[in-house]
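This report looks at how one protein chain is divided and at how its ligand is held. Please keep the sequence and the structure in view while reading.

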Amino acid sequence: MRHIVVLTGAGISAESGIKTFRDADGLWEGHDIMEVASPQGWERNTKKVLQFYNERRKQLLTVEPNPAHLAIVKLEEKYKVSVVTQNIDDLHERAGSTNVTHLHGELLKVRSTFNENLVMDWRSDLNPGDFCEHNFQLRPHVVWFGEAVPMFPVAAEITEKADILIIIGTSLQVYPAAALIDFVKQGTKIYFIDPKPTISPGPDITVISEKASVGVPNLVDQLLEITT
Ligand code: APR
């Protein structure tokens, strides 16, 4: 079975109603990144950081996967599919994708500030005073600016094995995630779907300047036809 790796960013969830980060009116517009998404911000104002993620979590529970998330699931009919997402939402899982790696963590999980391996599901608000079993404050299970990306080596290994790489809705501004594209074998076919693509077409790179809800189902139909 041929292996498709799908690398997604905030753009794939935009049409579900979740703001991207860097578009005009993006999530960072109204927020100082270092205040709400860095270890320093957490030290300075834990309550503010918790509120920021509480709002994100609340909203996530009101939205649904869109046709782009659903189309990726269809690829599993004929391909081995690995989704590597920069998103902290669970829309790929809710759509039905069976193999999802989260590079930047998961909004519906929290972890201990004492032991980073102590991770638990969390669907309600997280507040100061919510402690782990060792009596240390719980924090969102997300990767903040300046922090290590523990899932990167896993994602790189997956990407190395791709026969086809599909990149959807990411500005490719944030490393190391953006470097994943460098891990594909030579000759791997790459498709990039984004209304404002940040990479140029090349011999192995097809750029599809469309919204995910249009571009992804079309590409998936093509890829499913190829194998019949
Ligand atoms: N369909 C597809 N792509 C879209 C759509 C859409 N409907 N709407 C916007 N986009 C594209 C934008 O053109 C842009 O290229 O989504 C991309 C969003 O880019 P960013 O906001 O930079 O999001 P992302 O690349 O996922 O950010 C990476 O940075 O802030 C951190 O940790 C955060 O995981 C995030 C990382």
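## Domain layout

In this predicted model, the domain assignment divides the chain into domain 1, made up of 1-18 + 65-104 + 148-228, and domain 2, made up of 19-62 + 107-142. Taken over C-alpha atoms, the centres of domain 1 and domain 2 are 25 Å apart, and the contact between them involves 15 residues from domain 1 together with 12 residues from domain 2.

## The ligand site

The ligand occupies the space of the largest pocket, and the shell of residues around the ligand takes at least three residues from each of domain 1 and domain 2. This shell holds 22 residues, of which Phe-21, Arg-22, Thr-170, Ser-171 and Asp-194 come nearest to the ligand. Sorted by class, the shell comprises 8 nonpolar, 8 polar and 6 charged residues.

## Polar contacts and cover

Which parts of the protein meet oxygen atoms of the ligand? On the backbone side, an N or O atom of Ala-10 lies 2.8 Å from an oxygen atom of the ligand, while a polar backbone atom of Phe-21 is 2.7 Å from a ligand oxygen atom. Asp-194 contributes through its side chain, where a polar atom lies 2.6 Å from an oxygen atom of the ligand.

On its own, the ligand has 740 Å² of accessible area, and the protein covers 92% of that area.

Definitions and conventions:
Residues numbered from 1 in each chain as written. Predicted model: local features only at pLDDT ≥ 70, side-chain atom pairs only at ≥ 80, totals over all residues. Heavy atoms only, no water. Near = heavy atom within 4 Å. Polar contact = N/O pair within 3.5 Å; in protein donor to acceptor, adjacent residues only side chain to side chain. Areas by Shrake-Rupley, 256 points an atom, 1.4 Å probe, with all protein chains shown as cover. 1 Å grid on protein atoms, 1.4 Å probe; cavity = no way out; pocket = protein on both sides within 12 Å on 5 of 7 lines; lining within 4 Å. Sits in = over half its atoms within 2 Å of the grid points. Nonpolar A, V, L, I, M, F, W, Y, C, P; charged D, E, K, R; others polar. Domains from an automatic or database assignment. Contact = heavy atoms within 4.5 Å.
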